[in-house]
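User: I'm new to this one and would like a close look at a single part. Could you start with the greasy bit of surface and follow it wherever it leads?

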Amino acid sequence: MNGKAAKEDLDSRIFDTLNIIFLIICTIVIIIPLWNVIISSFSSGKALAEGGFIFWSPEFSLENYRAVFNDSNIWQAFFISVSKTMIGVVTHVFFCAMVGYGLSKKYLRGRKLYVAMGVITMFFSGGMIPTFLLIKALGLLNSFWVYIIPALFSFFDVVILMNFFRNVPDSLEESAKMDGAGDWHIFLKIFIPLSMPAMATIALFNGVGQWNDFMTTKLYITDQSLYPLQMMLYEIIVQSQTQSMQNVGGSVVIETTTKGVQLATIVITTLPIVLIYPLLQRYFISGMMLGAVKE
């Protein structure tokens, strides 16, 4: 028995060691390109033109970031990105939570029909052209609200919240109703606080989607004052590609300077999501309702 236990312990240690090695390799594969982008964004045009560095730049410079921050269009785009992300996340989560709360009640009339209609929308859509015509008919072209209103509802998120609300003990709701609480009071004071892990997860994914979205701008916005950061980044990339084609055999400094600005913009657009994620990570915890009900 001792020999068998020793063999199992050895196998477990080998397995754990291999897992650690595998995780280290995966981490290195992920971190190296990210580090190279950051280092390249702080490199001078000459260093980017020469290339050949991965971990450290031979010549550091802040000119790329000065070019970005001195551009008033970047600040306007940053304000649009922050505004549409914050407003979009709050309205999306609250709207989906309201619908999910209603559909989680078995006594709701027509509940099965509403769920069936919602499931159909998860697999079928009108397509790009009918959606464009609808946005145009609603008067949302070249409007800030084109970022908010079409993104209010997602039945996939409704299903997640609906299933989460079903796990809330009926005893909590019954006790609240006995104390005279109405549906809105129960929803806001009981269900939302207990559903923070699910709502924070949905808020994080929706926030990342809102922050990274540029197709909405490309399809429905022509006013540059409503461009978010991602659209500005897209235009910088297109501009750098155009200049690269026009300057074949010419000066390399223009191309690499544009590339440096492009890399600096990538770092700036990625940084807010990287900073916000740890703040929401604490909500990814199960068991918040343990001890809430004493049977």
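Analyst: Let's get one term straight: a residue is buried under 20% relative accessible area, exposed over 50%, and partly exposed in between (1.4 Å probe, protein chains only). Keep in mind that this is a predicted model, where local features need pLDDT of at least 70, side-chain atom pairs count only at pLDDT 80 or more, and totals for chains, interfaces and linings use all residues. Residues are numbered from 1 along each chain as its sequence is written, and side-chain values use heavy atoms, leaving out hydrogens and water.

Now the patch. Ile30, Ile31, Leu34, Trp35, Ile38, Ile54, Phe55, Trp56 and Phe60 make a nonpolar surface patch of about 940 Å². Areas here come from the Shrake-Rupley method with a 1.4 Å probe, and for residues only the protein chains shown count as cover. To join a patch, a residue needs over 30% relative accessible area and no salt bridge (a side-chain nitrogen of Lys or Arg within 4 Å of a carboxyl oxygen of Asp or Glu). Nonpolar side chains (Val, Leu, Ile, Met, Phe, Trp, Tyr) are joined within 5 Å, while like charges are joined within 9 Å.

Take Ile31 as an example. You'll find Ile31 in helix H1, residues 2–41; helices are DSSP runs of H or I with at least four residues, strands are runs of E with at least two, and both are numbered from the N terminus. Ile31 has 47% relative accessibility, so this residue counts as partly exposed.

Where does the patch lead? One of its members, Ile38, is touched by Val267, which also meets Val37, Ser41 and Tyr65, leaving aside residues up to four places away in sequence. Touching, or contact, means heavy atoms within 4.5 Å. Val267 sits in helix H13 (residues 253–281) and, at 18% relative accessibility, counts as buried. Along the chain, Val267 and Ser41 are 226 residues apart, yet their C-alpha atoms are separated by 7.7 Å.

UniProt fits in here too. Its unreviewed entry lists several stretches as "transmembrane region", including residues 20–38 and 261–280. Those positions use the numbering here, feature names are shortened, and such annotations may be inferred rather than shown by experiment. Another stretch on that list is 186–205, which is 95% helix and 0% strand in the model, with its end C-alpha atoms 26 Å apart.
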